[in-house]
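Notebook open, coffee poured. I want to look up the fold, the core and the pocket, and jot down what turns up.

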Amino acid sequence: DHATLVEVPSVFVSKATGDLLERHLHDDAGVFVQLASPSGRVPLLVDGEPQHGVSGHSQWRYYELFTPPGADDVTVSVTPDFGNPDLFVRVRDYPDTLRYTWSSESEGGDTIHIAADDPDLCRQCALVVGVLGQASDTSYTLTYSVSETLLTLQGGVPVSEQSVPAGEYRYYRMWVGSTESAITVSVTGDGDVDLFFSFTNRRPKDGVKGKDYQKKAAGRNTCWTVDCGQTIMGGDAIHVKGGDDIICKPESGVRHSPCLAYVGVTSQRNSTFTLLYSVDESTAPTRLRDAVALAVAQPTAGDYKYYSFAVGDAAAGEGAAPGEPVLSPFTISVRPSSGDPDVYVLGPVPSSALDSGLRPDRNKTCDGFVAGGQPEADCYTHRSTGSAGELVSITPDASECWSASNSSCVYIIGVYSFSPTQYTITASSDEATELLFPNTASLNILRGETHKKYRFRVSADERLHVLLTPFAGNPDLFARFGRPP
């Protein structure tokens, strides 16, 4: 690896071309490479990289630059070694003394500063810069620079030691690579910081939803319930589900990616905070098998992970019409080893939606109950938001399934990380025999006049202790080797 020997200026080529050059390096004659700019292509200006040039009397020298995607200030300056160069800039075309968008014709050096809100400044487009040797030959240095008006967040990289005065806002932006990506933005700090998020407003703030912001998280640190308190431990978080209709959809209504999203942070008192942006490309729910535990890590506060669980079978039970699904009550258990996960459930949805490889509709909003969506804090049919493990018991109703011809009904489970967490999730129907692990508790609900079966593996020389701790009621415990008691 000769990467440490690479110096600037350098030329990078494809691997195929590199392999060809490497073979010829062993020839006695060596390798001669001639580099040339494409015909008709003017030099490209790079942010912060000065270029030296020479222009004759009344002669033009042209350069090209590409504006960034964000709303940033652009500055172009020319400094003469001798002579008097003048500076002209035009959008997407060559400028001259009569046709230009911006110009500067001062004695000596010239600078053109284009503000981010200049109506003539386009984003992600070409500006052509012309340097004119006015009245004499000239030698000069040309520089182009961009002043970011918003700090750009990088996925998975926390931005710490940020501050905001009481009642004011700090603004940020981030790249979103795909309309199918799930997005989480979280803020934690020493004050009651709030978040506002938008794809259409570069300065999202509190006000009219859809205009001033598209999503917000403004939990109060003086409230200790899940419905009005902070959305994550020590702060707030906004989660945008993958495929949500707002992703990369500007005011024109035409979605395109990649794109920029914008965040505003405010506080009612002077605050210092840390901001984190993360992207999850895999938003399809993971299927849970009946009574089989799954160990999961969610390292980002404010993030969701989704699961699906199918219940019922096609066999007709007592009193059921032929072919009508027999649906078994089931329990969802989430046991954290660290952190604080919360559980939200939405369902049922038809099993065919997942069997066909399709994800449930993620674009519907929730007004009470919308079948087929992904659950979250304001869209669920069941939830559990404790601080020491979560338990949700559900008794399915066959009439809730979309079609009686379905062989099963599917529930979508969302686990929300109130703080970074590691946990084990289990979905277990009443009829299933759940596998127990040594020194690992299993949370469950036992309905009256029913029983729940468990199994575990033991060695002949081991002493066995099984402890049943009731939170309510008076359950009994039975054990038998080889087959269920």
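My entries follow, from the whole chain down to single residues and then the pocket.

**Overall.** First thing to write down: this is a predicted model. I looked up the secondary structure and got two helices and 28 strands for the protein chain. The chain has 485 residues, and 41% of them are buried. I then checked contacts between residues at least 6 apart in sequence: 73% of these join residues at least 24 apart. For the surface, I noted that the chain exposes about 26,600 Å², with carbon and sulfur atoms supplying 51% of that.

**Core.** Which residues have the most contacts inside the largest nonpolar core? I found Val176, Val185, Leu195, Phe197, Phe199, Val265 and Leu275, in a core of 26 residues. I went on to ask which elements give two or more residues to it. The list came out as β10 (159-164), β11 (169-176), β12 (182-189), β13 (193-198), β15 (235-240), β16 (259-267) and β17 (271-280). β16 has the largest share, at four residues. A reminder to myself: nonpolar side chains in soluble globular proteins tend to be buried together.

I picked Leu275 for a closer look. Setting aside residues up to four places away in sequence, Leu275 touches Leu153, Val157, Pro158, Val159, Tyr172, Val185, Ser186, Val187, Leu195 and Val265. Three of those names, Val185, Leu195 and Val265, I had already put down among the core residues with the most contacts.

**Pro165.** Next I turned to a loop. Pro165 sits between β10 and β11. Buried, exposed or partly exposed? I put Pro165 down as partly exposed, because its relative accessibility is 38%, and the partly exposed class runs between the 20% and 50% cut-offs. Beyond its neighbours within four places in sequence, Pro165 is in contact with Ser267 and Asn270. I also looked up the spacing to Asn270: C-alpha to C-alpha, the two are 4.4 Å apart in space, while 105 residues separate them in sequence.

**Pocket.** Last entry. The largest pocket holds about 2,000 Å³ of space. I get 46 lining residues, and those closest to the pocket centre are Leu436, Tyr454, Val466, Leu467 and Leu477. Which strands each supply at least two residues of the lining? I noted β27 (433-435) and β28 (453-455). β28 gives the most, with three residues. By type, I sorted the lining into 25 nonpolar, twelve polar and nine charged residues.

Methods: Residues are numbered from 1 along each chain as its sequence is written. This is a predicted model: local features need pLDDT of at least 70, side-chain atom pairs count only at pLDDT 80 or more; totals for chains, interfaces and linings use all residues. Side-chain values use heavy atoms; hydrogens and water are left out. Buried means under 20% relative accessible area, exposed over 50%, partly exposed in between (1.4 Å probe, protein chains only). Contact means heavy atoms within 4.5 Å. Accessible areas come from the Shrake-Rupley method with a 1.4 Å probe; for residues, only the protein chains shown count as cover. A nonpolar core is a set of buried Ala, Val, Leu, Ile, Met, Phe, Trp, Tyr and Cys residues joined through side-chain atoms within 4.5 Å. On a 1 Å grid over the protein atoms alone, a cavity is a set of points where a 1.4 Å probe fits but cannot get out, and a pocket is an open set with protein on both sides within 12 Å along at least five of seven lines; lining residues have an atom within 4 Å of a point. Grid points are joined across faces, edges and corners, and a volume is the space filled by probe spheres set on the points. Ala, Val, Leu, Ile, Met, Phe, Trp, Tyr, Cys and Pro count as nonpolar, Asp, Glu, Lys and Arg as charged, and the others, Gly among them, as polar.
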